[in-house]
Amino acid sequence: MNIKKTAAWDKFTSRDITPEAVYQDRRRILKQMGFIGAGALLSSQANAGVFDLFSSDEEKVAFLTKTLPFAKQAQYDHLLYGALTPESKIISHNNFYEFGTSKTDPAENAQELKVEPWKLVIDGEVDKPMTLDYDDLLKLFPLEERAYNFRCVEAWSMVIPWVGFSLASLLKKVGVNSKAKYVAFETLFDPEQMPGQRNRYTGGGINYPYVEGLTLAEAMNDLTFMSVGLYGKTLPPQNGAPIRLVVPWKYGFKSIKSIVRIRLTDKQPPTSWNQLAANEYGFYANVNPEVDHPRWSQASERRIAEGGLFSAKRIPTLPFNGYGEFVADLYKDMDLRKFY
Ligand code: MTE
């Protein structure tokens with residue numbers, strides 16, 4: 001396996017690649033039209049013609065999001081297998097069924113998602129239940145930038161520079177009590193904003209709200225990350241704004257987006273894809289090249305790069321997506337074929 005250590009951070013932002021005069025001119029026009037304010041999001045009803053001002057998705061995202069302060073955290077960089085995926089791919093090839101089931105639907109349909117105000121409730125088996133608002137999410141913890149391998153169960157993958165904080169730091173803040181064994185997560189339920197939640201057909205059959213779960217030990221692992229941004233900016237709506245989970249050794253469907261509730265519980269919580277097809281999607285969903293999906297092999301993956309999915313190079317999939325040294329111990333007594 002060719003493990004490449006990537007000098008990930010010297011990437012251009014859209015700001016860098018757009019001549020300053022053009023950038024300033026677009027800003028001026030958008031400001032006049034009332035589209036630039038404190039983190040103002042463009043409404044897709046009002047955006048006709050406005051998005052034409054941007055020559056790329058990255059430029060659009062640069063206007064839709066805020067720049068974040070963060071410290072680079074290179075502790076896991078030696079485990080990256082491949083260069084960072086271009087931002088243009090990360091923000092245009094998405095799974096977010098609340099906004100449609102095709103890969104391009106979320107980038108098109110999610111721009112109206114209102115992230116401010118936002119409420120994230122942390123409750124259940126905790127000493128100090130908490131409700132965080134949008135500003136808390138960005139300010140409660142020092143933000144870190146971490147690049148992780150990201151492997152979808154559909155056998156495509158990316159390398160994504162997330163910005164956020166470890167879930168463990170949040171759990172320590174609320175004080176997990178001795179009854180807690182699992183952590184349950186829930187996405188916003190708002191069919192007005194999320195067309196996929198209006199009927200089972202457009203929403204891919206999921207029983208919304210989208211829910212996910214981890215064992216407490218998985219949740220406390222330092223790799224388990226609450227992301228509030230990527231490529232140095234707040235999350236674009238299609239990637240799960242304003243806050244999502246990232247569990248890099250598990251298939252991407254565990255990385256639940258746009259979270260409104262985190263609940264500590266004594267019982268294993270239900271999870272959306274498991275409810276939909278239990279024989280295909282387990283609770284654990286650890287990346288495992290030796291356990292195939294019933295309908296396709298998991299031995300390799302298509303790494304999305306400049307050219308997109310169909311020109312993507314096939315590379316071997318690694319156990320635990322390359323993070324075995326940090327997580328294999330969590331499953332040492334488990335039959336991973338049974339607990340898939
Ligand atoms: N979270 C919610 N709420 N709804 C979804 O449809 N899709 C999951 C996961 N989180 C999903 C979700 C799947 S299948 C994947 S692969 C990742 O989000 C995709 O994340 P990305 O679009 O940022 O690449």
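How far is an oxygen atom of the ligand from an N or O atom in the side chain of N239? The gap is 3.0 Å. Keep in mind that this is a predicted model, and let's go through the close-ups one by one.

**Close-up A. The ligand has 17 residues around it.** Y97, E98, R244, S255 and K257 are the closest of them. If you sort this shell by class, you get eight nonpolar, six polar and three charged residues. The spot itself has a rank too: the space that the ligand takes up is the second largest pocket.

**Close-up B. Here are some polar partners of the ligand, including K257 and S255.** A polar atom in the side chain of K257 sits 2.6 Å from an oxygen atom of the ligand. S255 does things with its backbone instead: one of its backbone N or O atoms is 2.9 Å from a nitrogen atom of the ligand. N239, which you met in the opening question, uses a side-chain N or O atom, 3.0 Å from a ligand oxygen. How much of the ligand does the protein cover? On its own, the ligand has 520 Å² of accessible area, and the protein covers 99% of that.

**Close-up C. Two peptide bonds that lead into prolines are cis.** Most peptide bonds are trans, so a cis one deserves a second look. One of them joins E116 and P117, with omega at about 5 degrees. P117 belongs to the loop between α5 (105–109) and β2 (119–124). The other runs from Y208 to P209, and its omega is near 10 degrees. To find P209, look in the loop between β6 (182–187) and β7 (211–215).

**Close-up D. A155 and Y231 both have a positive phi.** Most residues other than glycine have a negative phi, so a positive value stands out. A155 is not a glycine, yet its phi is about 75 degrees. You'll find A155 in the loop between β4 (144–151) and β5 (156–166), and its relative accessible area is 6%, so it is buried. Y231, not a glycine either, has a phi of about 50 degrees. This tyrosine lies in the loop between β8 (225–230) and β9 (233–234). Is Y231 buried or exposed? Its relative accessible area is 13%, so Y231 is buried.

**Close-up E. Helix α3 is mostly covered.** The helix spans residues 57–64, and six of its eight residues are buried. Which ones are they? The buried set is E58, E59, K60, V61, F63 and L64.

**Close-up F. L113 and I262 each have a relative accessible area of 0%.** L113 is in the loop between α5 and β2, where P117 also lies. With 0% relative accessible area, L113 is buried. Its C-alpha atom is 8.2 Å from that of A241, although their positions lie 128 residues apart along the chain. I262 is part of strand β11 (residues 259–265), and with 0% relative accessible area I262 is buried as well. The C-alpha atoms of I262 and A184 are 5.6 Å apart, for a pair that is 78 residues apart along the chain.

**Close-up G. G322 and L309 are two buried loop residues.** G322 lies in the loop between β13 (313–316) and α10 (324–327). Why does G322 count as buried? Buried means under 20% relative accessible area, and G322 has 16%, so it falls within the cut-off. From the C-alpha of G322 to that of Y148 is 9.7 Å, with 174 residues separating them along the chain. L309 sits in the loop between β12 (300–303) and β13. At 18% relative accessible area, L309 is under the 20% cut-off too, so it counts as buried. Its C-alpha is 7.6 Å from the C-alpha of W156, and the two residues are 153 residues apart in sequence.

Methods: Residues numbered from 1 in each chain as written. Predicted model: local features only at pLDDT ≥ 70, side-chain atom pairs only at ≥ 80, totals over all residues. Heavy atoms only, no water. Near = heavy atom within 4 Å. Polar contact = N/O pair within 3.5 Å; in protein donor to acceptor, adjacent residues only side chain to side chain. Areas by Shrake-Rupley, 256 points an atom, 1.4 Å probe, with all protein chains shown as cover. 1 Å grid on protein atoms, 1.4 Å probe; cavity = no way out; pocket = protein on both sides within 12 Å on 5 of 7 lines; lining within 4 Å. Sits in = over half its atoms within 2 Å of the grid points. Nonpolar A, V, L, I, M, F, W, Y, C, P; charged D, E, K, R; others polar. Helix = DSSP H or I, 4+ residues; strand = E, 2+ residues; numbered from the N terminus. Buried < 20%, exposed > 50% of the residue type's maximum accessible area, 1.4 Å probe, protein only.
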